[in-house]
Amino acid sequence: MYTALNRKRNATSPNVGPSSLPYEQTEQSKNEPKQMIVLEWLFLTIAPCDAAEPWQLGSQDAATPMMQGIIDLHHDIFFFLILILVFVSRILVRALWHFHYKKNPIPQRIVHGTTIEILRTIFPSIIPMFIAIPSFALLYSMDEVVVDPAITIKAIGHQWYRTYEYSDYNSSDEQSLTFDSYTIPEDDLELGQSRLLEVDNRVVVPAQTHLRIIVTSADVLHSWAVPSLGVKCDAVPGRLNQTSILVQREGVYYGQCSEICGTNHAFMPIVVEAVSRKDYGSRVSNQLIPQTNQIAEA
Amino acid sequence: MAESATAKSPSLSEQYLLKGKEEKLESIKPVEETPIENPVSASEEEVAPKTEETPVSVESSEGAPAAAAEESSEASDATAVESSEAPTDADEGVSGAAPAANEGSSESTEEEKSGDEEAAEETPEIKLETAPADFRFPTTNQSRHCFTRYIEYHRCVAAKGEGAPECDKFAKYYRSLCPGEWIDRWNEQRENGTFPGPL
């Protein structure tokens with residue numbers, strides 16, 4: 001059932017995926033969509049995009065150490081999960097199988113047994129420990145600000161768009177580098193852009209640099225979440241939430257609002273574009289110059 | 001590492017906190033090792049005087065050797081001959097701030113340095129620096145951090161006079177941390193005399 005649906009979906013709309021990168025377009029130009037569909041269907045997450053895709057099962061590719069830690073923790077815990085699942089189902093099936101009025105007319109009545117009681121006490125208390133220790137280690141390392149960040153970006157949620165402020169380069173209280181980021185309406189999408197994920201102004205950040213993201217809101221609760229970066233930070237009006245990230249590779253990362261914030265909750269995505277430090281510098285200075293000129297004129 | 005650190009006896013007691021955390025995280029994720037050193041060296045080269053945490057009381061000359069000690073001790077970790085380096089570092093430290101700083105930066109690996117310098121050359125006006133992590137505000141909630149920096153700036157201006165150069169960094173900090181809307185509101189409140197903070 002799943003496979004049939006999956007194949008159908010991919011066959012009818014190979015373009016639905018988060019194929020915003022030129023990579024996918026070159027694939028299409030090669031006229032080999034069929035092969036790609038099969039491959040994509042086999043490996044589910046073959047598209048090199050940092051966005052959600054149809055029928056995705058696992059996490060998106062990690063771009064920060066934090067996300068890598070989250071994925072590793074997930075796999076760690078999954079090991080115990082499967083262990084317990086197999087063991088418990090074996091006991092259950094075995095009990096059901098043998099509890100039969102013909103095969104075992106007189107059921108065994110074990111009231112207590114020291115060995116099994118010790119075992120079933122010790123093991124269930126050890127397993128949570130093995131889960132808890134890496135979990136807490138990850139949890140606290142996420143909170144820690146290890147080194148001084150190089151850049152502070154303020155992400156301010158509004159109903160229903162986002163404002164980003166780069167204020168490290170300000171010389172007065174006038175905001176010199178501030179922009180709004182709106183989603184691109186469905187009708188204006190270009191070929192290859194993802195529906196409900198694309199915005200007009202992306203957040204440009206340098207890769208391999210410690211960033212401090214200050215998340216806040218101007219009206220109601222919002223959330224700034226980018227799965228590939230392992231970030232999900234609630235935006236609370238009147239409060240500045242800090243999260244620090246280090247993007248390890250250049251790329252475009254997609255995220256969505258993750259806190260029900262009203263009618264257009266689904267239409268305020270987040271797009272983070274990680275570029276090299278040099279490109280970031282020129283980008284910022286290019287944006288700064290026209291804006292400061294505007295201020296000077298006004 | 002501990003050996004050379006004790007030999008130097010870093011003058012700043014604050015240096016401590018972040019250093020300890022850095023080691024801890026490095027041990028968890030070796031992946032981050034290179035990026036961690038990057039900003040340290042960058043901040044040291046570009047804004048050596050600005051790296052210290054505490055506002056007015058700490059002199060800038062104290063900050064430089066402390067940062068240098070941190071870096072050189074990191075570098076000595078990598079090399080096997082730790083004992084031969086430690087005394088030279090200590091001598092440098094005694095002789096003065098400037099040579100110690102030079103020593104520290106020259107020991108950082110070549111590619112990092114060249115990368116930073118390249119970035120600095122390409123875009124002279126864009127410096128990658130912002131308000132440092134403050135050990136008074138280690139939590140996720142940074143509202144008070146922003147508020148405190150705003151107050152610190154205006155107290156500094158009140159004490160040193162308008163346009164005093166030593167207040168500039170507080171201005172930078174609060175502009176980095178506070179949303180523009182908040183700053184506008186507070187400025188308005190100060191003009192009206194209704195600002196709630198201790199100015």
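**Figure 1. Close-up of B:Thr148 in helix α8 of chain B****.** In this predicted model, B:Thr148 is buried, because its relative accessible area of 18% falls under the 20% cut-off. The residue belongs to helix α8 of chain B, and, once neighbours within four places in sequence are left aside, B:Thr148 is in contact with B:Arg136 and B:Phe137.

**Figure 2. Close-up of the crossing of α8(B) and α9(B)****.** The axes of helix α8 (residues 143-160) and helix α9 (residues 168-177), both of chain B, come within 8 Å and cross at roughly 150 degrees; the two helices are therefore roughly antiparallel to each other. The crossing of α8(B) and α9(B) is left-handed. On the side of α8(B), the contact is made by B:His145, B:Cys146, B:Arg149, B:Tyr150, B:Glu152, B:Tyr153, B:His154 and B:Cys156, and these face B:Phe170, B:Ala171, B:Tyr173, B:Tyr174 and B:Leu177 of α9(B). Sorted by character, the residues of this contact comprise nine nonpolar, two polar and two charged.

**Figure 3. Close-up of helix α9 of chain B and what covers it****.** Helix α9(B) is largely enclosed by the rest of the structure, because eight of its 10 residues are buried. The buried residues in α9(B) are B:Lys169, B:Phe170, B:Ala171, B:Tyr173, B:Tyr174, B:Arg175, B:Ser176 and B:Leu177. The cover over these buried residues is drawn from both chains, and includes β1 and β5 of chain A together with α8 and α10 (180-192) of chain B. As the wider setting of this helix, chain B contains 10 helices and zero strands, and buried residues make up 45% of its 199 residues. Among contacts in chain B between residues at least 6 apart in sequence, 68% join residues at least 24 apart.

**Figure 4. Close-up of the largest nonpolar core, with A:Tyr166 among its members****.** This core holds 34 residues, of which A:Tyr164, A:Tyr166, A:Trp224, A:Leu229 and A:Tyr280 touch the most other members. At least two residues of the core are supplied by each of β1 (151-158), β2 (161-166), β4 (203-206), β5 (210-217), β6 (222-226), β7 (231-235), β10 (270-275) and α6 (277-297) of chain A, and β10(A) gives the largest share, four residues. Apart from this core lies another, of 21 residues, which includes B:Tyr153, B:Phe170, B:Ala171 and B:Tyr174. For A:Tyr166, leaving aside its neighbours within four places in sequence, the contacts are with A:Thr152, A:Ile153, A:Leu177, A:Phe179, A:Val203, A:Val204 and A:Tyr280.

**Figure 5. Close-up of three loops of chain A with backbone features of note.** In the loop between β1 and β2 of chain A lies A:Trp160, which is joined to A:Gln159 by a cis peptide bond with an omega of about -5 degrees. The loop between β3 (178-181) and β4 of chain A holds A:Leu196, a residue with a positive phi of about 65 degrees although it is not a glycine. At 19% relative accessibility, A:Leu196 counts as buried. In the loop between β4 and β5 of chain A, A:Gln208 has a positive phi of about 55 degrees, although this residue too is not a glycine. Is A:Gln208 buried or partly exposed? At 33% relative accessibility, A:Gln208 counts as partly exposed.

**Figure 6. Close-up of helices α4 and α5 of chain A****.** The axes of α4 (residues 65-98) and α5 (residues 114-143) of chain A come within 10 Å and cross at roughly 170 degrees, and that angle makes α4(A) roughly antiparallel to α5(A). From α4(A), the residues A:Met66, A:Gly69, A:Ile70, A:Leu73, A:Ile77, A:Phe80 and A:Ile84 meet A:Ile127, A:Phe130, A:Ile131, A:Pro134, A:Ser135, A:Leu138, A:Ser141 and A:Met142 in α5(A). The residues of this contact divide into 12 nonpolar, three polar and no charged. An α-helix has 3.6 residues a turn, so residues three or four places apart point the same way. Over the whole of chain A, the secondary structure comes to six helices and 10 strands, and 40% of the 298 residues count as buried. Of the contacts in chain A with a separation of 6 or more, 64% are between residues 24 or more positions apart.

Key: Residues numbered from 1 in each chain as written. Chains lettered and ligands numbered in written order. Predicted model: local features only at pLDDT ≥ 70, side-chain atom pairs only at ≥ 80, totals over all residues. Heavy atoms only, no water. Core = buried A, V, L, I, M, F, W, Y, C linked by side-chain atoms within 4.5 Å. Buried < 20%, exposed > 50% of the residue type's maximum accessible area, 1.4 Å probe, protein only. Contact = heavy atoms within 4.5 Å. Axes fitted to C-alpha atoms, helices over the stretch in contact; angles between N-to-C directions. Parallel < 35°, antiparallel > 145°, perpendicular 65-115°, else oblique. Left-handed = near helix turned anticlockwise from the far one by under 90°. Nonpolar A, V, L, I, M, F, W, Y, C, P; charged D, E, K, R; others polar.
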